[in-house]
Amino acid sequence: MSEYNEENKSIGQVQIADEVIAIIAGTAACEIEGVYMAGHYTDSLVSLFGKKNLAKGVKVEVEDGLTTLELEIAVEYGVNIKKTAEDVQLKVKNAVETMTGLTVSGVNINVTAIMVEKEQPAQVDIEEETEE
């Protein structure tokens, strides 16, 4: 009778591209209210076609089985930046670890812009008065 050997269980190797990890991180970050990934708010040509590069603004470094991520984000004016950044860190760490099985050792957040809602011109109702 042969003993079950954990090493014999493997039938190959799985590699996950850094781009895939970056897309997972970018998608997770955008799920936090008031957060936009760097480049998404300025790339008008891409927005015409409805495609977004969710990896833009995400740097991935995998070394010795540990993954470190660095994200550049923009936040809406008025949100608590510290709390929002911490929420992004937690969401990104959980998403990457859950979906890839990798161990995330750090998620560094760089807030590079504040999004201010475009001012809408005030609508003026013009009432015509007739003089009689």
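**Sheet and core of a predicted chain**

Trainee: What share of the area that the chain exposes do carbon and sulfur atoms supply?
Mentor: The chain exposes about 10300 Å², by the Shrake-Rupley method with a 1.4 Å probe and, for residues, only the protein chains shown as cover. Keep in mind that this is a predicted model: local features need pLDDT of at least 70, side-chain atom pairs need 80 or more, and totals for chains, interfaces and linings use all residues. Residues are numbered from 1 along each chain as its sequence is written, and side-chain values use heavy atoms, leaving out hydrogens and water. Of that exposed area, carbon and sulfur supply 49%.

Trainee: In what order do the elements run from the N terminus?
Mentor: Elements are DSSP runs numbered from the N terminus, helices being H or I of at least four residues and strands E of at least two. The chain has three helices and four strands. Read from the N terminus, they go α-β-α-β-β-α-β.

Trainee: Which strand runs parallel to strand 3?
Mentor: Strands pair here if DSSP finds at least two bridges. Strand 1 is antiparallel to strand 3 over three bridges, with Met 37 partnering Ile 73. Strand 2 is antiparallel to strand 3 too, with six bridges, and Val 58 stands opposite Leu 71 there. The parallel partner, joined by 11 bridges, is strand 4.

Trainee: Which residue in the hairpin of strand 2 and strand 3 takes a positive phi?
Mentor: That hairpin has two residues between its strands. The one with a positive phi, near 55°, is Asp 64.

Trainee: Is Ile 114 buried, partly exposed or exposed?
Mentor: Ile 114 sits in strand 4, opposite Val 75. Buried means under 20% relative accessible area, exposed over 50%, and partly exposed in between (1.4 Å probe, protein chains only). Its relative accessibility is 39%, so Ile 114 counts as partly exposed.

Trainee: Which element gives the most to the largest nonpolar core?
Mentor: That core, made of buried Ala, Val, Leu, Ile, Met, Phe, Trp, Tyr and Cys joined through side-chain atoms within 4.5 Å, has 24 residues. Elements supplying at least two of them each include strand 3 (66-76) and helix 3 (81-100). With six residues, the top contributor is helix 1.

Trainee: Which helix 1 residues, Ile 21 among them, does Leu 69 touch?
Mentor: Leu 69 is one of the residues with the most contacts inside the core, a contact being heavy atoms within 4.5 Å. Beyond four places in sequence, it touches residues including Val 60, Val 92, Val 96 and Val 107. Helix 1 spans 18-30, and from that stretch Leu 69 touches Ile 21 and Ala 25.
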